[in-house]
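Student: I'd like to learn how to read a model like this one. Can we go through it feature by feature?

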Amino acid sequence: MKPRAGMLGLAALLACLPGTARAVYECGGEQDTCQCGADNFCICCDGTCGNCVWHAWHMACCEWGRALEWCTDAQYFDDQADSRGYPTGADPADGSIFVCEPSAACSDWGHVGWVVTAYPDGSFDSTEQYCGGPCGTHARNRPAGFATGGFIYDPDGPPPERDDAAFVSESVPDGTHFSPGAGFVKRWTVRNTGNTTWTPGASYLWTFDGEEPFGAPEQTLLPQGASVAPGGTWDWEVPMTAPLAEGSYVGYWRMDRYGTHRFGDRCWVEIEVDPYPDADGDGYRADVDCDDGDPDVFPGAPERCNGIDDDCDGQTDEGCAVEPDAGTDAGTADAGGSDAGGSDAGAADAGPDAGAPPADAADGSSGADDGAEPDEPGGCSCASAPASTSLLCLLALLALAHARERSARAPRPERG
Amino acid sequence: MRTTIAVMALLMLACACQPEGTPVRVHDGTAGPFLVSPRWSADGRRLECAGLGGAGAYALDLDAARLTRAETAPAERSQHGRAGELRYEAYRGRILAGGGLLAEDAWAPAASPDGSRVAYCLGHLSAATLVVQRTDGAVELRVPGAQPAWTPGGGLVFCRPEAARGPDGRIVIAASDLFVLAPGAREPQPLTRTPEIAEMQPAVSPDGARVACSDWRTGSLWVYGLEGVRP
């Protein structure tokens, strides 16, 4: 055993809980062997069973290399730390001392312990001892809000990591106009105003932080070998695409670590997306006009028999007349048919004719002449229709034939 | 008619091909605040949650997909359990039943709906052990796991975090999946196998049909269906 320093009687008075005040080198199964310039002068309850303050003092000595100047009741640990200028705060940090004020959750004397790992939900893993047992050092997890007295941080170690970033400059000023779907690159220059160095290995990155994403990658990583020391700047360049709809858009980006801890200034990109142009002046913009170079082509335009989808409905020359040697014959036969058999025969005849495109359709000629008789009864210019529409024409002919059959059978209204 | 039947058949096929427990991300932590500690509202239409580090309070309306700041922090974990004669002393982590000591150093205790069992954790979260113990003292289950939540039917949902040391030496929860233990079962079954999501803090909906959890990697909130899992 190494010699003890300090007056143990004083330690007994300052100890956090009543117990047998006795100099010990072991408490709760831990040996007081760490070197921090002093020996642990906290008491260990019941001889070697344990005591929360003994353990907290012990861990500060071992991990901080610091001999705490006090060993009071646990409930006063935070006050003692504050009065001596120790850094304290409300957030759990790895390698800190937690303090819980007297309560049902922490005994009438309060409680302290050592924070091993802090988690995103505010909970933390700890090691603790209790006065009065159960004896030993215990591994626990404490929920967020448990440390009502806050946390005491290492005063001699590096200052707590502080990530911070400040906006310096940018490209693409606010209100820049873009055409729908236009690509551009946004650059933000940010300064490292924290005390950490940004490296890819330390998981520093530039991340999307809300609103319009502009089709950009969610995260932009630092390239290998990059390093941004405190005070240094970095240009983050993010490829973006303007939305397709007209309007004002804003999206936010920010520094981030691990993909989970955003920090620093929240930067944004704000652009105006112009409406689609109307190059042919037909009153319809390019997003809805299927040919913005032809003023006669637009949604709702009269469909002409010209081999062009004039009305932008995805079909060409619908409603144009059939050629005399094809659909007209079938139609005439149907029209004249007074019995079901005749109608069926007509329709059957129309099928093969419609399905076999004539030479002028196959060679790409417009077949405009075919549409000269749009109002002719039974007209349906299947001859000039593309193969994909032939089936529709066939179905239309079938329906027409059926309708006429029904009409022929229906009693005629008497006149006068 | 035939078209309708065909569409219905396709839909049924799509549903049949969707694996049970398929996650639905109800909040994107990369595009909004980092959220943790989800709790269901009594009507099962909202998730109350906290921000990073347990700071702040939020309410997520699941129907409207709208996140708002809340005035108060989320309530204590809803466990669908009744304490009965179970008592928990947080200081030493003691669980007592009928005056007898069931466990020490326990944390995150949750009583089963019928009060006959209690689930709790031991050790550090980074290497936690989940224990299910009857109030008469018999231990029924002892497996790696943490943060248990009971379903109304007496099943159990919990997470199994896997810790790793980050580049700066810190311990982080690098991965976690959810597991379910059906009533009377001895072997937990995985509910999720999603290495890209670190599912933590499962919370079972009031009707027992869904479980919400927080992804500790991104701060997103996910909801899984429990239909077919029968926990």
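Tutor: Sure, and let's begin with a pocket: the second largest one has a volume of about 260 Å³. This is a predicted model, where local features need pLDDT of at least 70 and side-chain atom pairs count only at pLDDT 80 or more, while totals for chains, interfaces and linings use all residues. Residues are numbered from 1 along each chain as written, chains are lettered from A in the order written, and side-chain values use heavy atoms, leaving out hydrogens and water.

Student: What counts as a pocket, and how is a volume defined?

Tutor: On a 1 Å grid over the protein atoms alone, a pocket is an open set of points where a 1.4 Å probe fits, with protein on both sides within 12 Å along at least five of seven lines; lining residues have an atom within 4 Å of a point. Points are joined across faces, edges and corners, and the volume is the space filled by probe spheres set on them.

Student: Which residues lie nearest the centre of the second largest pocket?

Tutor: Arg117(B), Glu140(B), Gly154(B), Pro183(B) and Gly184(B), out of 19 lining residues.

Student: Now the interface. How is its size given?

Tutor: Often as the accessible area lost when the parts come together. Here chain B and chain A bury about 2800 Å² (1.4 Å probe, summed over both), and carbon and sulfur atoms give 50% of that. Thr30(B), Tyr91(B) and His124(B) supply 27% of what chain B buries against chain A, more than any other three residues. The contact (heavy atoms within 4.5 Å) takes 35 residues from chain B and 39 from chain A.

Student: How many salt bridges does the rule find across it?

Tutor: One, counting a side-chain nitrogen of Lys or Arg within 4 Å of a carboxyl oxygen of Asp or Glu. Asp94(A) and Arg170(B) make that bridge, at 3.1 Å from N to O.

Student: Anything to notice in the backbone?

Tutor: Look at the peptide bond from Gly133(A) to Pro134(A): it is cis, with omega near 0°. Val172(A), though not a glycine, has a positive phi of about 50°.

How values were computed. Buried area is the accessible area (1.4 Å probe) that two parts lose on being put together, summed over both.
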